[in-house]
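Trainee: Could we go through this model together, one question at a time?
Mentor: Yes. Have the sequence and the coordinates open.

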Amino acid sequence: MRGLPSQRKGRAARWNTLALVGLLLLAGCGGEGTSGGPALSAQRGSAGSSPAASASASASAAGCDVLASPHPMNPLPAAGAAMPSGSTMARIQRRGRLIAGVDQNSYLWGYRDPGTGDLKGFDIDLVHEMARALFGDPDRVEFRTLNSAQRLTAAADGTVDLVAHSVTITCERKQQVAFSADYFHDGQRVLVNRGSTARSLAALAGRKVCAAKDTTSIATLAAARPKVVPVGVSDWTDCLVQLQLGEVDAVSTTEHILQGLQAQDPETMIVGPAFTFEPHGIITAKRNTDLVRFVNAVLDRLRTDGTWERIYARWMGRFGPVPKPPTPRYAG
């Protein structure tokens, strides 16, 4: 339902006044850049929680353990120390910088600060920790901004060394890229305008619901029963703009992305329970198993020394208590 002209004008005004951050995040979408510088708490816990167990059982039945990742590098060299000769990490050290694919349109996770132009967020901080472990310097990173549809290809063909971009781990994707251990749990929910009567995805039957292209979220919408009308866009801020202008009735994706959108526009609200289980991983080319082991070792350190909790509190603490990081599962 597109809405009356007066409604559209009102929403446009709201967009101008309340979603300025979203507008700024859209600027330069798809380019390259460098940076100088609470309903799912149970699911965001250990991988032994019931949603994770259910996902694992389903994956195992299909011949794939969706949460399994290669064992961490052991021992992990001291920050900045020479990496094993001939390894992917040694090649990156010789280059002098880590090349990372990230988002610049997901507020609080991977976004461009409109004041400084720097990339910031939870995933950005994880990349800085990878650079710290490689070089002893968290800023030895070349960020390449990607939209959701570009993530797997950029990792698979070696355009970037790794991608930290809220990538849900699936068995289908494991055929294309290698995944780190799960570093964050989430689930898909729904964002609507305040005043909407919808309180679930089912209540949006026959109506337009926005999600980014080539994501698990848009695939879930396409399979939803009763049917909704999926609207695919390049970036999540595009969904927010469409919702504000009355072009769609809702946005649906993982809760942490929706929280970032809601933070940009308090005239929206997140409704309904989570209806998927979404473990997230950092991705690399399948051939770079040694790099996956290195990433897993760094993630292990972040879990054990409290850095993961500090990063989470910095970006997501406003939404509720800081959870424990997911418990990794290793195989091979």
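**Strands, cores and charged pairs**

Mentor: Strands β10 and β13 run antiparallel and are joined by four bridges. Two strands pair if DSSP finds at least two bridges between them. Helices (H or I, at least four residues) and strands (E, at least two) are DSSP runs, numbered from the N terminus. This is a predicted model: local features need pLDDT of at least 70, side-chain atom pairs count only at pLDDT 80 or more, and totals for chains, interfaces and linings use all residues. Residues are numbered from 1 along each chain as its sequence is written, and side-chain values use heavy atoms, with hydrogens and water left out.

Trainee: Which residue in β13 is the bridge partner of Cys-210?
Mentor: Strand β11 runs parallel to β13, with two bridges between them. On the β10 side, Leu-191 stands opposite Val-251. The bridge partner of Cys-210 in β13 is Val-251.

Trainee: How many of the five residues of β13 are buried?
Mentor: Buried means under 20% relative accessible area, exposed over 50%, and partly exposed in between (1.4 Å probe, protein chains only). Strand β13 is largely enclosed by the rest of the structure, because its buried residues number five of five.

Trainee: Which strands stand at the edges of the open sheet, and why is one side of each left without a neighbour?
Mentor: The sheet has three strands in the order β3-β4-β5, with antiparallel pairing. Each edge strand has a single partner strand, so one side lacks a neighbour in the sheet; these strands are β3 (105-106) and β5 (119-120).

Trainee: Which residue in β5 does Arg-112 stand opposite?
Mentor: Strand β4 covers residues 110-112 and runs antiparallel to β5, with two bridges joining them. Opposite Arg-112 stands Leu-119.

Trainee: Which helix gives the most to the largest nonpolar core?
Mentor: A nonpolar core is a set of buried Ala, Val, Leu, Ile, Met, Phe, Trp, Tyr and Cys residues joined through side-chain atoms within 4.5 Å. The largest has 42 residues, and Phe-122, Val-127 and Phe-294 have the most contacts inside it. Several elements each supply at least two residues, among them α4, β2 (98-102) and α11 (289-304). With nine residues, the top contributor is α5.

Trainee: What is Val-127 in contact with, leaving aside neighbours within four places in sequence?
Mentor: Contact means heavy atoms within 4.5 Å. The partners of Val-127 are Leu-98, Ala-100, Val-102, Val-141, Phe-143, Leu-162 and Ala-164.

Trainee: Is the Phe-122 and Tyr-183 ring pair stacked or edge-to-face?
Mentor: Rings of Phe, Tyr and Trp (its six-membered ring) pair if their centres lie within 6.5 Å; planes under 30 degrees apart count as stacked, over 60 as edge-to-face and the rest as tilted. The structure holds 10 aromatic pairs. For Phe-122 and Tyr-183, the centres are 6.2 Å apart and the planes at 15 degrees, so the pair is stacked.

Trainee: How many residues apart in sequence are the parts that Phe-122 and Trp-308 tie together?
Mentor: Their ring centres are 5.9 Å apart with planes at 80 degrees, so this pair is edge-to-face. Phe-122 lies in helix α5 and Trp-308 in helix α12, so the separation in sequence of the parts they tie together is 186 residues.

Trainee: What is the relative accessible area of Trp-308?
Mentor: Trp-308 shares one aromatic cluster with Trp-109, Phe-122, Tyr-183, Phe-184 and Tyr-312. Within that group, Phe-122 is buried at 0% relative accessibility. Trp-308 is also buried, at 2%.

Trainee: How far apart are the closest N and O atoms of Asp-161 and Arg-95?
Mentor: A salt bridge is a side-chain nitrogen of Lys or Arg within 4 Å of a carboxyl oxygen of Asp or Glu. The structure holds 13 of them. In this one, Asp-161 is buried at 5% relative accessible area, while Arg-95 is partly exposed at 28%. The closest N and O atoms of Asp-161 and Arg-95 are apart by 2.6 Å.

Trainee: Which residue forms a salt bridge with Arg-314?
Mentor: The closest N and O atoms of this pair are 2.4 Å apart. The partner of Arg-314 is Asp-125.
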